[in-house]
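I opened this model to look up a few side chains and their surroundings. My entries follow in the order in which I made them.

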Amino acid sequence: MLSEIEDNLISYAYDMKSPATDREGTAWRKVAFSGPLKILAKLVKHPVAQKLETLTVVDIDEKADKAIRVLAEGPPLAALRELRLGFLPEGQDELVGFEERNCGDLTALSRACPQLEILRLLCPGFVIGHHPTLRVLDARTGARPSSVASLAKASLPSLQELHLGFGVEDDEAMYASLVWPAKTLQPLLDGEALPTLRRLCLWPMPEDDGLFKLAKASPLGKRVKIELRSVDDDLEADTDAYTL
């Protein structure tokens, strides 16, 4: 049972006879988790995890790669379709350290979540790897140049939508490590990588349309809808989830 197992978690009891319902009998499919990784390990091994369709792991900070390891070491989450790693920080204090977040190699998620369709990353450092079922990759809050480079080498045969956030070099860049050199998108712009991609959304911080214009004029731009988005748009996660 996952009730009252840690003081810093909102306690929630599950009916073991009907693990797809809450204690009031209402069907649920979403969980937002915030707490120690040892409790996340218990969650993914619990029978209710086999019914989850959406999972948000909120407090990752410097533990992003460890959270992925916990997911990979548990039983496959057979029903999971959407995974969100991280949460949009509120206020400058919480923003400190964001650009250092590193998820590492995400290939293990293809085994941990064999039906995963949507992956939302609030973690700019990642190597995407192999994900046969992934349709949407959302890194709108930031992706390092090395993370973008990994996309050109990845095996993503079902990917249709890609969101990429990045820094623009000016007098005071918001995130120095997320500023992209001009060549960052080039491995994608020739149109050979990500053959099933249909939509690319660019999220510069601060707003700048230089890379957008370059992308629109590229071979990729001839087959993919490319959009320039504002970081002022709503980035909050879906809060319609049970919180642990």
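I began with Leu 220, which sits in helix H8, residues 219–223. The model is a predicted one, and I read every entry here with that in mind. Leu 220 has a relative accessible area of 1%; buried means under 20%, so I put Leu 220 down as buried. Setting aside neighbours within four places in sequence, I listed Leu 188, Leu 189, Gly 191 and Leu 200 as the contacts of Leu 220. I also noted Glu 192: from Leu 220 it is 28 residues away in sequence, and the C-alpha to C-alpha distance is 8.0 Å.

Next I looked for aromatic pairs and found one in the structure. The ring centres of Phe 166 and Trp 180 are 4.2 Å apart and the planes lie at 20 degrees, so I entered the pair as stacked. Phe 166 belongs to strand E8 (residues 161–167), while Trp 180 lies in the loop between E8 and helix H6 (186–189); the two are 14 residues apart, and the pair links distant parts of the chain. I noted both rings' residues as buried: Phe 166 has a relative accessible area of 4%, and Trp 180 has 9%.

Trp 180 led me to Arg 144, since Trp 180 appears in the contact list of Arg 144. Beyond neighbours within four places in sequence, that list also includes Glu 99, Glu 100, Pro 124 and Ser 177. Arg 144 is in the loop between strand E7 (136–139) and helix H5 (145–153). What is the nearest side chain of opposite charge to Arg 144? I found Glu 100, 6.5 Å away; Arg 144 is buried yet has no salt bridge.

Methods: Residues numbered from 1 in each chain as written. Predicted model: local features only at pLDDT ≥ 70, side-chain atom pairs only at ≥ 80, totals over all residues. Heavy atoms only, no water. Helix = DSSP H or I, 4+ residues; strand = E, 2+ residues; numbered from the N terminus. Buried < 20%, exposed > 50% of the residue type's maximum accessible area, 1.4 Å probe, protein only. Lys, Arg positive; Asp, Glu negative; His and termini not counted. Salt bridge = Lys/Arg side-chain N within 4 Å of Asp/Glu carboxyl O. Contact = heavy atoms within 4.5 Å. Phe/Tyr/Trp six-rings, centres within 6.5 Å; stacked < 30°, edge-to-face > 60°.
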